[in-house]
Amino acid sequence: PHGRITKICCIGAGYVGGPTCAVTANKNPDVSVTVVDLSESRIAAWNSSTLPIYEPGLWEQVQGARDGGADRPQNLFFSTDIDKAIDEAELIFVSVNTPTKTMGAGAGLGSDTSYVEMAIRKIAQVATSDKIVVEKSTVPVRTAETMREILKAIGKPGVHFEVLSNPEFLAEGTAIRDLLAPDRILIGSLLNDHGLQAAAALAEVYARWVPRERIITMNLWSSELAKLAANALLAQRISSINALSAVCEATGADIDEIAFAVGTDSRIGPKMLKASVGFGGSCFKKDVLSLAYISECLHLPEVAAYWQSVVDINEYQKDRFTKRIIRCLYNTLNNKKVAVLGFSYKKDTGDTRESAAISIIDALVAEGAKISIYDPQVLESQIWSDIEKFKGARGDVKQYVTVCKDVYKACEGAHAIIVLTEWDEFSNKQIRKRMDWQRVAESMDRPSFVFDGRNIVDAGKLEEMGFRVECIGKPGSGWFKG
Ligand code: UDX
Ligand code: UDX
Ligand code: ADP
């Protein structure tokens, strides 16, 4: 019963919903795409010239479709009128947040699907015509079953709902690039006529710009689990390389050389093998814990323990790095100024969810350090809201932390610089648009340390300037280099 899609609604105007719909609207000028959200301020920001998220290339995508132009229609809308957008659409993306549960059974492990359920109930109440309902949010496997039940129980008689799974694989910082040229589009459906027709209708939307062979269809449950599996395997690679970095630090081997050597094996491949202070972001920890919890609930404790260890190594990595900083600074940070360069969980995003910076700064503040933070994109208000939850701080956290708009101000008089995000401007490997490390060297207290949690600096060059440099998975300045 599903012909060509002409109207799409997306519930949730976040990091996934916003960019995905902007690209979908650009590539389907004859389809009207309306993104709705409960948050009025978020929608207002999407309708303004200051978008609510920072993402390279996003503005061009949004502006073209949202504002229209001589050669193109206006077909991207941001609205808080959720009911209207749902009722008008033939296809509805559900792209709301599914954070880790904070209370009840599975607290701290399982995913909280209450926002998904709320959105589904809304769809069921409002819809007066058939809808294809598409899960975009990452959800526990078999969530589509729950969705089908609710839609059937609440929906108006005669209205048919078909549920699809269509997980999004974009990474922040490269969202637009990932959306324009995805490795694959995954669509899961029931394998009956209704299901296959709905999957085909959604495939048509993507086929406007994605080669057919990259649009993969499969059963609903495989599609749901594939999203969790992909994030778990990616996170597992990072924990594996980070676990090896600890062995490197204890032996004199170099983790970047290890990653290069193993990455040339075509069975392993070079990507996602960059040792770091630990992975962050809204997905990896949440999804690995969700997979572990699902395994636990399925009475598979060995499987749960395996995936749990991926998160455990990540926590260990952050802790190990913090301890190394304290040790190198002669076991006391009391009243020492420490500059933190980078607060987002990776470069080219202003997102700080699960950023390693948060727990590391917490630990350093607990040691009595005075922290100055510089990040080129993260809003100062975001930093304060992340660190006000500190457990370690004594008294008002503002006594210990300052946020700087200028990298040189952040580093002035510091005993140590800690690089926590791999922003290009912190690297000293090229000169253009990079910070002036010589200038920084002259303004710091001595001995001046650099702790590179991202392995982006050329340690040799910094050592020539007088710095002592400690990188992840490499012998530090104190090592005998033969
Ligand atoms: C392995 C490494 O591949 C090789 O680079 C190294 O030099 C020696 O160890 P090998 O043990 O001969 O080689 O074979 P391999 O093809 O890696 O398989 C090892 C085992 O894993 C086999 O039992 C194989 O059946 C199993 N395997 C392999 C799987 O179960 N799944 C796979 O996807 C691949
Ligand atoms: C991830 C997945 O990549 C994406 O497919 C999924 O849709 C959402 O989750 P994202 O979290 O945005 O995307 O970024 P990603 O580039 O995967 O990085 C996640 C974290 O791992 C970051 O903190 C990053 O710095 C870290 N990382 C990544 C490493 O430490 N080493 C690496 O080699 C790669
Ligand atoms: P993601 O990274 O998965 O995109 P975000 O937290 O950035 O997650 O965005 C999710 C968005 O979904 C938020 O803006 C939130 O306000 C919105 N949202 C959550 N529940 C609902 C709902 N029932 N109806 C409409 N919007 C919702």
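**Two helices, a sheet and a ligand shell**

The crossing of H12 and H13 is right-handed, in what is a predicted model.

User: Are helices H12 and H13 parallel, perpendicular or oblique to one another?
Analyst: Take H12 as residues 301-328 and H13 as residues 356-366; their axes come within 10 Å and cross at roughly 40°. Angles under 35 degrees would count as roughly parallel, and 65 to 115 as roughly perpendicular. That crossing therefore makes H12, relative to H13, oblique.

User: How many charged residues are there in the contact of H12 with H13?
Analyst: On the H12 side you've got Lys318, Phe321 and Thr322, which meet Ala356, Ser359, Ile360, Ala363 and Leu364 in H13. Sorted by class, that contact has five nonpolar residues and two polar ones, and the charged count is one.

User: Which strands sit at the edges of the six-stranded open sheet?
Analyst: The order is S11-S10-S9-S12-S13-S14, and the pairing is parallel. An edge strand pairs on one side only, which here picks out S11 (401-404) and S14 (468-471).

User: Which residue in S10 stands opposite Ala339?
Analyst: Strand S9 covers residues 337-341 and S10 covers 370-374; the two run parallel, joined by five bridges. Opposite Ala339, in S10, is Ser372.

User: Which helix gives the most to the shell around ligand 3?
Analyst: There are 21 residues around ligand 3, and those that come nearest are Gly12, Gly14, Tyr15, Val16 and Val96. By class, the shell splits into 11 nonpolar, eight polar and two charged residues. With three residues in the shell, the top helix contributor is the one at 114-126, H5.

Definitions and conventions
Residues are numbered from 1 along each chain as its sequence is written. Chains are lettered from A and ligands numbered from 1 in the order in which they are written. This is a predicted model: local features need pLDDT of at least 70, side-chain atom pairs count only at pLDDT 80 or more; totals for chains, interfaces and linings use all residues. Axes are lines fitted to C-alpha atoms, for helices over the stretch in contact, and angles run from 0 to 180 degrees between N-to-C directions. Helices (H or I, at least four residues) and strands (E, at least two) are DSSP runs, numbered from the N terminus. Angles under 35 degrees count as roughly parallel, over 145 as roughly antiparallel, 65 to 115 as roughly perpendicular and the rest as oblique. A crossing is left-handed if the near helix is turned anticlockwise from the far one by less than a right angle, and right-handed if clockwise. Two residues are in contact if their C-beta atoms, placed from the backbone, lie within 7 Å. Ala, Val, Leu, Ile, Met, Phe, Trp, Tyr, Cys and Pro count as nonpolar, Asp, Glu, Lys and Arg as charged, and the others, Gly among them, as polar. A residue is near a molecule or strand if its C-beta atom, placed from the backbone, lies within 6 Å of it. Two strands pair if DSSP finds at least two bridges between them.
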